[in-house]
Amino acid sequence: MNPYQAPLAEMKFLLDKVFDAPNTWASLPAIAENVDMDTAVAIMDEADKISRELIHPINRSGDEQGVRHQDDTVITPDGFKAVYNQYAEGGWVGLCGDPELGGMGMPKMLGVLVDEMAYSACNSFTLYGSLTAGAALCINAHGSEEIKEKYLPMLYSGEWAGAMDMTEPQAGSDLRNIRTKAVPNDDGSYNITGSKIFITGGDHDLTENVIHLVLAKLPGSNGISLFLVPKIKVDDAGNLGESNGVTVGSIEHKMGLKASATCVMNYDEAQGYLIGKPNRGLVCMFTMMNYERLAIGIQGLGTSQAAYQMASEYAKERIQGVAAGGSPTGANSDPILVHGDVRRMLLNIRTLTEAGRALSVLTGKQLDIAKHGEGEAKAKAARYVGLLTPVAKAFLSDRGLDAAITAQQVFGGHGYIRETGVEQLVRDTRIAQIYEGTNGIQAIDFLGRKVTGDNLAALTEFVGECQQKLSELTHAKPEEVTRVGGLFDSLLSVADTINENKTKKPALINSCAVDFLDAFGHILYGYFWLVMSDAALDHEDKEFARQKQLLSDFYVSKLLPKAEFHLAQVTAGDACVMNIEEELF
């Protein structure tokens with residue numbers, strides 16, 4: 001297969017023409033001094049080159065070799081350390097980090113596109129840097145000045161790595177049941193004792209230290225606190241010292257992501273330092289989790305793009321059968337691209353992927369404004385971040401697996417064997433629906449907290465802005481604007497019914513949340529397609545504009561109706577789900 005090629009023209013179009021990145025950045029002084037559109041384009045061009053020439057070549061070999069647990073450390077596949085060193089030296093780990101502490105200070109709406117390229121090239125490799133960036137974000141938001149100055153420069157430089165340590169065997173998504181303990185010392189530090197499972201990047205040989213953010217309970221408290229626990233102790237001058245009682249119990253043997261070290265971590269009176277306030281650990285961790293959940297959605301998006309490129313290339317090369325009505329060239333066999341079903345599959349992947357990219361950039365934009373904006377603009381962006389984050393995580397990763405499986409179907413029998421590489425995409429992206437909070441939990445959070453939690457205020461505000469934007473489109477077909485607008489109205493109506501019944505029917509939200517999130521996702525994608533195709537008609541490349549309109553027509557005709565199906569599922573309520581006796585399962 002040919003090397004991965006980032007869709008740079010599409011990415012630049014979204015930033016410049018759809019989401020008005022130049023003016024957004026100019027309105028945020030903390031960002032404006034670091035980036036303009038020319039700088040962003042240069043960064044994307046370089047990220048494409050690195051993803052294609054540096055990261056993608058280790059994807060297949062990394063999957064075949066996997067990580068291994070040897071003595072007291074975890075060894076990554078051949079080539080990973082050399083590639084990681086080049087990646088870190090280029091500043092990519094700290095791309096969106098605080099520039100006052102060694103980061104590059106780039107906006108998240110640019111960072112999501114760089115992340116997508118890396119995930120498209122190699123899911124396993126990209127996770128190492130993603131967890132480090134997330135840990136650094138949490139430390140920067142909630143750590144003391146002393147901790148920030150000691151740890152952040154080394155994390156941004158990629159010399160040290162970060163890990164997020166939450167899950168325990170008896171406490172998966174319900175963290176109230178964690179047993180890891182933190183006992184205070186006289187010097188202000190804490191002794192951390194316990195075990196964690198499923199820790200991505202918990203240990204590896206890519207960096208000289210791994211900085212763990214560990215959830216634990218203080219003596220006599222049921223609250224959860226957050227602690228920074230380095231694998232190797234760090235003295236006041238920032239020098240590495242002795243081992244800190246942080247060890248790997250084992251590594252998990254997984255369905256996919258075999259080159260990503262997923263570890264059982266043990267803490268034996270390891271010295272740790274409180275991050276944030278006591279018993280407020282989840283508040284601190286969710287600063288990281290919001291970004292990580294978006295990152296995992298982008299893992300699905302990156303898979304979607306890689307899957308499309310592989311399947312599209314194969315469909316143009318694979319000779320099989322004759323076109324309906326006879327071969328256009330008179331050949332005995334045609335490329336399978338002539339077949340309607342193959343085209344359907346490829347168009348499904350492509351239209352969902354391009355709209356998904358718009359969702360990732362919009363979410364990144366709201367994160368930037370929520371972090372660097374002021375006043376009501378900052379507050380509104382924070383509301384939209386809360387609304388969009390569970391959708392970005394769940395809808396992007398669900399569609400990512402759909403894309404990988406659909407691409408595998410395009411390959412037919414060749415997609416089921418290792419030679420083509422598409423089966424690796426299926427295995428690698430499957431976890432994206434599960435970790436960082438399962439997609440069912442994301443949907444319950446979306447409907448239960450973000451939609452009905454404020455009695456539809458944020459959703460109504462967001463939909464109102466979308467409706468206003470639709471009314472301002474100059475090239476869109478009026479009937480399509482009316483259709484998407486009507487679906488938004490239907491969504492609000494269904495949400496209002498759920499809101500009215502949420503206390504009388506306590507199982508209602510849990511029973512229909514996934515369908516509600518999917519309905520919102522498909523409607524939002526329809527909105528994106530109308531906005532993108534409208535903006536593209538002013539594009540200097542007329543072929544680019546023509547393709548956008550064709551793809552928009554396909555989405556509105558073939559995929560937007562899924563929103564009506566999911567809304568009907570929600571309207572059916574919870575009785576048909578909850579009235580079945582347990583003995584029947």
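1. The crossing of helices α11 and α12 is left-handed, and this is a convenient place to begin reading the model, which is a predicted one. The axes of α11 and helix α12, the latter made of residues 375-411, come within 8 Å and cross at roughly 155°. Because angles over 145 degrees count as roughly antiparallel, α11 and α12 are therefore described as roughly antiparallel to each other.

2. As for what lies between these two helices, the residues of the contact of α11 with α12 divide into 22 nonpolar, eight polar and three charged. A student following this in the structure may wish to colour the contact by these classes of residue.

3. Helix α11, which covers residues 340-372, also holds both members of a salt bridge, since Arg 350 and Glu 354 lie in it four residues apart, about one turn of the helix. Their side chains meet with a distance of 2.9 Å, taken from N to O. Arg 350 counts as partly exposed at 22% relative accessibility, whereas Glu 354 is buried, with a relative accessible area of 8%. Salt bridges that share partners join these two residues with Glu 10 and Lys 548 into one network.

4. Which residue does Asp 236 meet in a salt bridge? The partner is Lys 150, and the two side chains are 4.0 Å apart, N to O. This pair links distant parts of the chain, 86 residues apart: Asp 236 sits in the loop between β8 (232-234) and β9 (240-243), while Lys 150 belongs to helix α9, residues 145-156.

5. The two ends of that bridge are also worth reading for their surroundings. Is Asp 236 buried or exposed? Asp 236 is exposed, with a relative accessible area of 73%, but Lys 150, at 15% relative accessibility, counts as buried, because buried means under 20% relative accessible area.

6. A further salt bridge is formed by the side chains of Glu 242 and Lys 233, which meet at 3.3 Å, N to O. Glu 242 is exposed, its relative accessible area being 53%, and Lys 233 counts as partly exposed at 26% relative accessibility.

7. Finally, how many salt bridges does the model contain by the rule used here? The count comes to 29, and the pairs discussed above are among them, including the one between Asp 236 and Lys 150 and the one between Arg 350 and Glu 354.

Key
Residues numbered from 1 in each chain as written. Predicted model: local features only at pLDDT ≥ 70, side-chain atom pairs only at ≥ 80, totals over all residues. Heavy atoms only, no water. Helix = DSSP H or I, 4+ residues; strand = E, 2+ residues; numbered from the N terminus. Buried < 20%, exposed > 50% of the residue type's maximum accessible area, 1.4 Å probe, protein only. Axes fitted to C-alpha atoms, helices over the stretch in contact; angles between N-to-C directions. Parallel < 35°, antiparallel > 145°, perpendicular 65-115°, else oblique. Left-handed = near helix turned anticlockwise from the far one by under 90°. Nonpolar A, V, L, I, M, F, W, Y, C, P; charged D, E, K, R; others polar.
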